[in-house]
Amino acid sequence: MIKNIFKTDDITRLEAIIAEGKFFVLTCHAGPDGDALGSTLGMAHYLQTLGKEAVVIVPDAYPDFLAWMPGSQEIVRFDKHRDKAELMIAMADIIFAMDYNALSRVDDMGPLIEKSKATRVLIDHHLSPDKFCALSFSYPQLTSTCEVVFRLVVAMEGYDQLTKAACECIYAGMMTDTGCFSYGPCTQEVYLIISMLMQKEINKDRIYNKIFNNYSEGRLRLMGYVLYEKMRVFPEHHAALITLSREEMARFDFNKGDTEGLVNIPLQMKGIYFSAFLREDTEKDLIRVSLRSQGTFPCNKFAARYFTGGGHLNASGGQHHGTLQEAITLFE
Ligand code: 5GP
Ligand code: MN
């Protein structure tokens, strides 16, 4: 069995919140990734198994390669169905903040969540969470928010109630946040958790294929174009830079999520320990920044100093308000 890492008081409070709660709204950060969707859907499945009414509201679009996740058809997109989402947030007596550490990461949903009278519970693995929740489970030392969810369910003695659907979502988030268990804190307990998920008969190979062997032609050609034409290497600094304009993304029929993971590729080069990806957002004069490193180079400090961002030692992000060229100059 995996060890309990939580304070007994916190688990007791969470159990009471779940027992008393009637309408649960589960939210995650904008630009939801595998861990954001996996943790919200995984937790929603668990609550539903307990007979609770639970809905997932996401700020905006998520990638097509995550649309297989059980429960994704019922997700409410805030940017598309604002009135419905607002009503649900207002009606909620419990709001879960999953996979984000600050209300700024849920865009326009932030003020509504802040205004809501619901009891807020944070479940996350990002550093330095803001204090906007009555109860917080913040574990930056764990692989993923999905891992926190799984451990919480086990700590509440709910493993038997976890369905295969919940386990598929949880596995997907753990897998994507660790690059298929190749980086991040993949301790021996992580493998124990994988084993416990497999006991629920998840098909891990099918999940892998749905996520990683499911690219559109445009995405694969975009990867080729980026690596051949757009990657700049700075050997003296052990660094590489990729940039993409809106026009280039449009040329490759860009879909949400098509650039996910691109920033990791330059790290496959011998001697490259720092990789940056700058891309124009759909919002004018906004440049999105993704940074990755290997070893001790703190890309979260780099993001904080130059791109008003932050994150983890080896994976961080931020933004620049201005042109792509300005952001490139800043990086250089
Ligand atoms: P990604 O490159 O996948 O968008 O972001 C990688 C990580 O960087 C995220 O998991 C998050 O921890 C962090 N991050 C991304 N953007 C921001 C930002 O604007 N502010 C902060 N503090 N962290 C960010
Ligand atoms: Mn995550």
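1. Buried here means under 20% relative accessible area. Lys 230 has a relative accessibility of 17%, so this lysine counts as buried. The model is a predicted one, and every value below is computed from it.

2. Where does Lys 230 sit? Its place is in helix α9, which covers residues 217–230. The domain assignment has domain 2 run over 217–331, and Lys 230 falls in that range.

3. What does the side chain of Lys 230 pair with? A polar contact joins this side chain to that of Glu 248, at 2.7 Å. Glu 248 also appears among the residues that Lys 230 touches. The others are Tyr 225, Leu 241, Ile 242 and Thr 243, with residues up to four places away in sequence not counted.

4. Asp 60 is a second charged residue to look at. Its relative accessibility is 15%, so Asp 60 counts as buried too. The residue is found in a loop. Strand β2 (53–58) lies on one side of that loop and β3 (76–77) on the other.

5. The side chain of Asp 60 has a backbone partner. One of its polar atoms lies 2.7 Å from the backbone nitrogen of Gly 31. Gly 31 is also in the contact list of Asp 60, along with Ala 30 and Pro 32. That list further holds Arg 77, Asp 79, Asp 107 and Lys 256. Neighbours within four places in sequence are left aside.

6. Now the two domains. Domain 1 spans 8–212 and domain 2 spans 217–331. Their C-alpha centres lie 27 Å apart. How many residues of each are in contact with the other? Domain 1 brings 12 residues, and domain 2 brings 8.

7. About 670 Å² is buried between domain 1 and domain 2. Carbon and sulfur atoms hold 56% of that area. On the domain 1 side, Pro 63, Phe 65 and Leu 127 lose the most area to domain 2. Together they account for 43% of what that side buries.

8. Which polar links cross this interface? The rule finds 0 residue pairs in polar contact, where both residues must be at pLDDT 80 or more. For salt bridges between domain 1 and domain 2, the count is also 0. The side of domain 1 that touches domain 2 is made of 6 nonpolar, 3 polar and 3 charged residues.

Key:
Residues are numbered from 1 along each chain as its sequence is written. Chains are lettered from A and ligands numbered from 1 in the order in which they are written. This is a predicted model: local features need pLDDT of at least 70, side-chain atom pairs count only at pLDDT 80 or more; totals for chains, interfaces and linings use all residues. Side-chain values use heavy atoms; hydrogens and water are left out. Domain bounds come from an automatic or database domain assignment. Contact means heavy atoms within 4.5 Å. Buried area is the accessible area (1.4 Å probe) that two parts lose on being put together, summed over both. A salt bridge is a side-chain nitrogen of Lys or Arg within 4 Å of a carboxyl oxygen of Asp or Glu. A polar contact is a pair of N or O atoms within 3.5 Å; within protein, one must be able to donate a hydrogen and the other to accept it, and residues adjacent in sequence count only if both atoms are side-chain atoms. Helices (H or I, at least four residues) and strands (E, at least two) are DSSP runs, numbered from the N terminus. Buried means under 20% relative accessible area, exposed over 50%, partly exposed in between (1.4 Å probe, protein chains only).
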